[in-house]
Amino acid sequence: MKLLFTILFATMISMSSFAKDFVTGTIVQASDQSPIAGANVFLKDANGKLLVYGVSNADGQFSMAKPPISENLTIHVTMIGYKAYSAPLVLDGKPIVIRMEEGNFQLKEVVVKAGRIRESGDTVTYRVGSFAQKQDRTIGDVLKRMPGIDVANNGKIQYQGVDINKFYIEGNDLLGGKYGIATNGMSYDDIGAVEVMENHQPMQVLRGLSFSDQAAINLKMKNSAKATFLVHGTLAGGWSEQPQGMLWQGDIFTMMVTGKYQMMTTFKGNNIGQNLSDQLLDFTSEQTDESIDGYISLSSPSTPNLQRSRSYFNRSWMVSSSHLLKTKGGGELKAQIDYNNDRVSAQGASATTYFLESGDQIVLEDRNSLSHRNALAGKFSYEVNEKTYFLNNTLQTDLSWNDLTLNTTGSLPNTQSAWMPEYSVSNLLKVIKRFNNNKLVTFTSRNEWNSLPEKLTVSHDGQDYGQRIKQRAFYTDERASLGFVLSKVLLSLEAGVSGYFRRLNTDLFGVDMTGLTGAETLTTDYLRAFASPKFEWRYKKLELVLRLPANLYSYFFSGTIGNRTEFFLSPSLVARFRITPRMSFTLRGSARRSPASLHDIHDSSILTDYRSFSSGVDDYYTSSGQSLSASYNYRNASKGIFVMATGSYGWSKSKFGTVQNVVGDYVFYSYESQPSDLRNAMAFLNVSKTLDFMRGTIGVRGNYMRVENSLLSQGLPTDYCHDVLSLSPFVNGNISRYVNWNFRFTWDKSWLEISNLSNRSSNNFVYSGNVTVTPCALVTWTAGGEYYRNQIEEGHYKEMWMLDTKLTFNISKRIEVSASVTNLLNRKEYSYTTYGTVSQYERSSKLRGREFLLSIYLKK
């Protein structure tokens, strides 16, 4: 009994000491006293300096370390959907109760630096006008200048090196993952600010409970652009010297944003090298556990490290229309329909060298391709996103009709014709209900049907041969989960069943070779039962997420492969340390045993192009692997500093290894029962800093990848190691109010090491930049381009300048007339060298020649 009293007394003393060392409290709604989860809590001194920071948990409670000073303190609380709270704070050791009123939350800056970037908790706000330059037109042009944000040419956005999970316009997700339409279409002049919400959880029901390491972007429209019909467009015409002919371009962009309704509709067409289909990609779509992929790998000549528009001979059309309507019940109805049509030609020459111990095998090709693509997509959804309830049902269909004709001369002259349509229909239903603020029930249902027929016909010396393939698959996944919140811990269990039913028909025709299986009809089906416990814990600056997914597969195969049952366990752990509100460090680790790719399980030999055959695995196989990764994030928005660094290492093993055999002009790929040990490493660095004295930004982006593996080449075990390094520093800014400029240097290096053979390497250098001069408000002149220095072989480099210029007359805020010349030096060919598994590719591609374009831009 004395021991019990001693323990109780010590516990009381410990709790009293804890209360004195920490500031604790509860945040509730003023209307009904219900707790508010996920609110940001700040303590500041008399000068407004941030001292400590915290976040309320599922019960509305928060705990922060006691600041070093105790006088003239204020406490600030912010939360989307509530008015900001601010009050003097007296440290008397008692818990604080903060009552917040519902309303619009206006961001309050922690620090303001030259008016360009503001920060408040996990939200960073960029003022668009402070980053825009005279030559910019779309919001994507301006986003590329903002530190911490990277924008690809197709409009895809990354923040601190990680893909964003949502793209909002005035807080609404109009476009879903197809936000490339906005980044390549919306006028930056209609947008006042860009908000980046770090660690964003899109579903309100999960805020404060489930962690996220992805950010979301929200575009804040100017008041003059709200509740009005916005429209702008371009019409252009000109002349090209290669191929000789007329040039044309046209686009019209319309948009409306009101409190209840949002709309964005755009139409574009051109033959000046602008790729429109990439702007319709879905960057945030959820991936299923199974996907259906094609076997035919016919493709047009490509040009890596070169701006795609330089070699993209196209005639393209695209129309996209997206609508969002808020209903009376608090829900959102969304509809999105897209169509695009592409006709693309390409021409190039290549020399492919296969490194063999018996001597190198070289295949020479001159290729001329013509492809057509028609794609129609529709997406319709209804969503309710509330604090205690989430519902989303999305119906989606994607239909595309693709064909490609490729004429080849060289070692084996031929003409290849491929027909490769794709059809898919899917429906995803997700429901989450939150009870008593500490219980979660989730139900998810996904059903998807895919069809992928393919046909390849090769004409050679008056004879035809080729490949016919039919694939059809149906995937269903039904799962439910239950979660409990215990203090700072979220325990959840997700369980369910799924099924995958796939049929494959292959028919190799016109080929008479021994050892090839020409035709096959195969079903590869499975039923799966799974359970996935998850443990999420947050304590002070530490967040832990432990997952233990367990899967039981029952496989059903036709043909010679026997049915079987397999069990897989793949635990993973994530530990995140919030060192300060601006700095975090994350460790990830996983161990897995993975099921086989059903795509590779077949007996037949499939012709993938005119000289390549691929044979599958005639038995079931699994792979096992482990991976470790670490990442570091730091941002100081007031000083314009953004840093992200990550590194990972993984290794995996399988009982089947890859086989490559070169016989004459043909290459045969297959698998053989032999241990395969794959190791890979990756490192990524992204650092950027504003240069406020010249309204500019400086930064560097680096990538490194290493792959170690082995294969059987010509019957001999061959180890290989492939390294790729890319380093790209950049800087931009203003020399004066009349001149702005940007410069980027990119160095790509590739190494290939093969056992018992000499090592190979290549270096490629790209210098790019432009200067824009605005001598008066009426005239803007831009000149720039790229300088390429590509290593073709040891000690031999191919160098090339590409120069462009554009003169714009700003007649008014609503009318611009411009004249431009691209490829001013009329360069017509681009050469480069790359490496494959145990091979080298030396290629040259035809470029678009000198082009003159006259255009007019109108804005309402």
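**Glutamine 160 and the salt bridges of the predicted model**

Glutamine 160 is placed in the loop between strand S11 (157–159) and strand S12 (162–163) of this predicted model. With a relative accessibility of 5%, glutamine 160 counts as buried, because the term applies to residues under 20% relative accessible area. A polar atom of the glutamine 160 side chain lies 3.1 Å from the backbone oxygen of valine 643. When residues up to four places away in sequence are not counted, glutamine 160 touches Gly148, Asn633, Tyr634, Arg635, Phe642, Val643 and Met644, so that Val643 appears both in this list of contacts and as the residue whose backbone oxygen lies 3.1 Å from the side chain, each contact in the list being a case of heavy atoms within 4.5 Å.

Attention then turns to charged side chains, for which the count comes to 38 salt bridges. One of them is formed by the side chains of glutamate 119 and arginine 582, with a distance of 2.7 Å from N to O. This pair links distant parts of the chain, as glutamate 119 belongs to strand S8 (residues 117–120), while arginine 582 is found in the loop between strand S33 (572–580) and strand S34 (583–594), 463 residues apart. Glutamate 119 is buried, its relative accessible area being 4%, whereas arginine 582, at 24% relative accessibility, counts as partly exposed.

A further salt bridge brings together the side chains of aspartate 278 and arginine 308, at 3.1 Å from N to O. Both of these residues are located in the loop between strand S18 (261–270) and strand S19 (313–326), and they stand 30 residues apart. Aspartate 278 counts as partly exposed at 23% relative accessibility, and arginine 308 is likewise partly exposed, with a relative accessible area of 44%.

Arginine 310 forms a salt bridge with glutamate 786, in which the closest N and O atoms are 2.8 Å apart. Here too the pair links distant parts of the chain, since arginine 310 lies in the loop between S18 and S19 and glutamate 786 in strand S44 (residues 779–793), 476 residues apart. Both partners of this salt bridge, arginine 310 and glutamate 786, are buried.

Finally, salt bridges may also be considered where they share partners, and in this way Asp122, Arg538, Glu543, Arg576 and Arg578 are joined into one network.

Note on methods
Residues numbered from 1 in each chain as written. Predicted model: local features only at pLDDT ≥ 70, side-chain atom pairs only at ≥ 80, totals over all residues. Heavy atoms only, no water. Salt bridge = Lys/Arg side-chain N within 4 Å of Asp/Glu carboxyl O. Helix = DSSP H or I, 4+ residues; strand = E, 2+ residues; numbered from the N terminus. Buried < 20%, exposed > 50% of the residue type's maximum accessible area, 1.4 Å probe, protein only. Polar contact = N/O pair within 3.5 Å; in protein donor to acceptor, adjacent residues only side chain to side chain.
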